[in-house]
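Me: Please take a close look at the buried interior of this protein, with its closed spaces and the residues around them. Start out at the edge if you like, then work your way in.

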Amino acid sequence: MHSTKTLTLFPTILLRSTVRQGASQRTQLLETLDRVRRETPNSPPPQWSCPVYSTLESDASLQRLEEVAVVADQVVSEAKVLAAKMSVTDSYSDKLAVTQTWLTVLSRGQSVDVHTQSNSLYTALYFPEAPADGACLTLHNAANERGMSLPVRRETPLNQEYFVCRPRVDELLVFESHIAQSFMVHESDCRQLCLTFTLAAR
């Protein structure tokens, strides 16, 4: 894991990092995800209006697969970095573990509705495939979700309504699970793969 940095938002903290892996390891991961897509029924949550491919309800335990488990170990390490940045005690962060992992595949014209990951502390998004013109991720200010709107003199990362970024190949994003997320319309002919990990203290 390299190039880790944190951004302060809303206020919350977003950790952005890059998963480094060898060519053969990456090839094996992509082959595994292709097999998952062939063999696992599409099961996006009913509240998602777009028929995007997702294993969220059919198989959310992909961390059991050897190639995904390698990434999951790195996810836990980065989540502990985030916990330290948020002044979470070591005795608590040492108990962090991946609880669920699922695959989402965005094709041209598809998007993902605003949602949160319940029953977890942190959410991690890993992008093994992310075209340069792929769908942007939006993180939404939780204050707006609660109907709070305060006047501000100057917009800063601490009071903006949302944060938007275009994921890069092998990028890993980690943030608190209560932060709502969504994906804008995917306008690329190339697919965008996203592995979502949820973490909690065990």
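**From a helix end to the inner spaces**

Reply: K85 belongs to helix α2, which covers residues 66-85. Keep in mind that the model is predicted. Setting aside neighbours up to four places off in sequence, K85 is in contact with T6 and I13. There's also a long-range pairing here: K85 and L15 are 70 residues apart along the chain, yet their C-alpha atoms are separated by 9.5 Å.

Now on to the part you asked about. How many cavities of 30 Å³ or more does a search of the whole structure find? It turns up 2. The largest cavity has a volume of about 60 Å³. Around it you'll find W48, W102, T104, V112, H115, Q117, L125, Q181, F183, C194 and T196. Four strands each give at least two residues to that lining: β4 (96-106), β5 (112-115), β10 and β11 (192-201). By class, the lining splits into 6 nonpolar and 5 polar residues, with no charged ones.

The second largest cavity holds about 40 Å³ of space. Its wall is made of T104, V105, L106, F127, F183, Q192, L193 and C194. Here the elements giving two or more residues are β4 and β11. The class count is 6 nonpolar, 2 polar and, once more, no charged residues. If you compare the two walls, T104, F183 and C194 show up in both.

C194 deserves a moment. Its relative accessible area is 5%, so it counts as buried, the cut-off being under 20%. C190 is another story: at 49% it is partly exposed, because that label runs from the buried limit up to 50%. As a biochemist you'll probably want to know about disulfides. A disulfide is a covalent bond between the sulfur atoms of two cysteines. With a sulfur-to-sulfur limit of 2.5 Å, the count for this model is 0.

Q117 is a good next stop, since it's one of the residues lining the largest cavity. You'll find Q117 in the loop between β5 and β6 (122-129). Is Q117 buried or exposed? It counts as buried, at 9% relative accessibility. The Q117 side chain makes a polar contact of 3.3 Å with the side chain of H115, and H115 is itself part of the wall of the largest cavity. Beyond its sequence neighbours within four places, Q117 is in contact with W102, T123, S177, Q181, T196 and T198. Among those, W102, Q181 and T196 also line the largest cavity.

Q117 has a link to an open space, too. Together with L56, W102, T116 and S118, Q117 lies nearest the centre of the second largest pocket. That pocket has 13 lining residues and about 190 Å³ of space. Its lining has 4 nonpolar, 8 polar and 1 charged residues.

Next, look at S182, which sits in strand β10 (residues 180-183). S182 is buried as well, with a relative accessibility of 8%. Its side chain has a polar contact of 2.9 Å with the side chain of H140. Not counting residues up to four places away, S182 touches V112, D113, V114, C136, L137, T138 and H140. V112 in that list is also one of the residues lining the largest cavity.

D113 leads us on to C50, because C50 also touches D113 while being buried at 14% relative accessible area. C50 lies in the loop between α1 and β3 (53-54). The other contacts of C50, outside four places in sequence, are G109, Q110 and S111. From C50 to V185 is 135 residues in sequence, but 9.9 Å in space, C-alpha to C-alpha.

One last buried loop residue is Q21, placed between β2 (12-18) and α1 (23-39). Q21 has a relative accessible area of 17%, so it falls under the 20% limit for buried. The side chains of Q21 and Y126 are joined by a polar contact of 2.8 Å. Q21 also touches R26, L29 and D170, again leaving out residues up to four places away. Q21 and V70 are 49 residues apart along the chain, with 9.5 Å between their C-alpha atoms.

Key: Residues numbered from 1 in each chain as written. Predicted model: local features only at pLDDT ≥ 70, side-chain atom pairs only at ≥ 80, totals over all residues. Heavy atoms only, no water. Buried < 20%, exposed > 50% of the residue type's maximum accessible area, 1.4 Å probe, protein only. Contact = heavy atoms within 4.5 Å. Polar contact = N/O pair within 3.5 Å; in protein donor to acceptor, adjacent residues only side chain to side chain. 1 Å grid on protein atoms, 1.4 Å probe; cavity = no way out; pocket = protein on both sides within 12 Å on 5 of 7 lines; lining within 4 Å. Points joined across faces, edges and corners; volume = space filled by probe spheres on them. Nonpolar A, V, L, I, M, F, W, Y, C, P; charged D, E, K, R; others polar.
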